[in-house]
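Please look at the structure shown here with two topics in mind: how a pair of helices packs, and where pockets lie.

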Amino acid sequence: MAAIRLHQIHKRFQRTEVLRDMSLDIPDGEFVVFVGPSGCGKSTLLRMIAGLEDVSAGAIHFDGEDVTDTAPKARGVAMVFQSYALYPHMSVYDNLAFGLKLAKTQRQSIRERVESVARTLQIEHLLQRKPRELSGGQRQRVAIGRAIVRQPRVFLFDEPLSNLDAALRVQMRLELQRLHRDLGATMIYVTHDQVEAMTLADRIVILNGGRIEQVGTPRELYQRPANRFVAGFIGSPGMNFLAGTVTDSPGDDTEIRLDAGHPPLRIPPLNTPTGAAVTVGIRPEHVHGPAQDGDCALHGTVISLEHLGNETHVYVDCDQDQPLVFIDHPTTTIEPGQVITIGLSAADCLVFDTDGQRVPPAATSGP
């Protein structure tokens with residue numbers, strides 16, 4: 001396996017710079033997920049690590065060895081793509097064995113490695129079938145097995161589950177978690193699906209516009225986002241945002257007067273001057289519905305409900321740019337058009353400045 005270091009990576013396509021000054025350390029055996037909106041550069045970065053794209057500037061190291069200009073086949077990586085890319089005329093066994101045959105591996109060793117991987121992925125009963133005889137999940141297992149059988153230093157996954165239905169995606173996420181535990185391999189996974197990122201990753205790398213916004217564990221990114229972009233991108237439903245202004249307040253707390261005539265919000269002290277324009281962020285689970293307690297009461301009109309079986313998402317127009325959403329019980333009696341009062345949990349509010357950066361508490365010097 002390999003520890004990976006990306007040092008000041010840049011990527012340009014003619015005059016268009018798609019990746020800018022990316023530096024990242026990935027320890028040996030870590031499962032890292034690149035996530036971000038379409039066009040943020042996550043797949044391009046993965047292909048550069050694989051050697052399928054040239055590096056315009058910067059360096060890539062595997063275990064301290066500079067592999068920036070090393071051919072893909074010499075890097076010891078295996079890549080699983082969104083499309084299964086199986087050979088349709090070959091059996092599952094031959095698909096798994098193909099790379100080993102090209103490497104002139106001994107026949108007995110090929111058989112042992114293929115059968116071992118097939119047992120690991122629970123596809124040993126499929127070895128004589130052709131890809132057309134397999135389900136989508138079985139095909140994806142074969143594609144992953146073809147990577148495992150090569151015993152690479154690094155596994156690279158480029159949105160491998162996006163072609164599967166919801167139930168199969170859940171099943172394959174569990175399979176990938178188990179494989180990572182069993183193999184102890186360095187894995188880098190690209191997705192636009194934040195649920196995949198949150199459930200699979202040891203650490204998540206949030207990309208946006210060709211730059212790294214934040215790197216951290218799923219819990220760190222959810223609870224302590226570095227900026228408004230990360231706060232809004234991570235979490236489903238997304239974080240609520242309310243515009244406000246810092247005002248004078250007695251005592252040690254900071255008071256924020258919310259726009260649209262809502263009552264002021266008192267939160268623990270911040271490093272923010274009086275009069276500063278800010279944005280308050282709060283997760284839907286920290287917004288309290290009618291008949292529940294809250295530190296700041298807001299009035300609004302219900303505009304939509306999403307019934308998800310185990311819970312209901314309620315969207316409320318509170319005269320902000322976007323509706324506020326909170327999570328209610330599945331048997332809620334709230335209806336669209338109803339005027340309700342909702343409460344905010346002040347201790348769970350985050351504050352962002354006009355540049356979108358999170359404002360740290362006054363008692364600390366950092367996030």
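In this predicted model, α5 (136–148) and α6 (residues 166–183) pack at an angle of about 20 degrees with their axes 11 Å apart, and they are therefore roughly parallel to each other, a term that covers angles under 35 degrees. Local features need pLDDT of at least 70 and side-chain atom pairs pLDDT 80 or more, whereas totals for chains, interfaces and linings use all residues. Residues are numbered from 1 along each chain as its sequence is written, and side-chain values use heavy atoms, without hydrogens and water.

**Helix pair**
- The crossing in which α5 passes α6 is right-handed, meaning that the near helix is turned clockwise from the far one by less than a right angle.
- Contact (heavy atoms within 4.5 Å) joins residues of α5, including Gly-137, Arg-141 and Ile-148, to residues of α6, among them Leu-168, Glu-175 and Leu-183.
- By class, this contact of α5 with α6 has seven nonpolar, three polar and two charged residues, with Gly counted as polar.

**Pockets**
- The largest pocket (an open set of points on a 1 Å grid where a 1.4 Å probe fits, with protein on both sides within 12 Å along at least five of seven lines) has a volume of about 450 Å³.
- Of its 21 lining residues (those with an atom within 4 Å of a point), the closest to the centre are Val-77, Ala-78, Met-79, Phe-81 and Arg-150.
- The lining of the largest pocket has 15 nonpolar, three polar and three charged residues.
- The second largest pocket, with a volume of about 310 Å³, is lined by 18 residues, and Gln-223, Ala-347, Asp-348, Cys-349 and Leu-350 lie nearest its centre.

How values were computed:
Grid points are joined across faces, edges and corners, and a volume is the space filled by probe spheres set on the points. Helices (H or I, at least four residues) and strands (E, at least two) are DSSP runs, numbered from the N terminus. Axes are lines fitted to C-alpha atoms, for helices over the stretch in contact, and angles run from 0 to 180 degrees between N-to-C directions. Angles under 35 degrees count as roughly parallel, over 145 as roughly antiparallel, 65 to 115 as roughly perpendicular and the rest as oblique.
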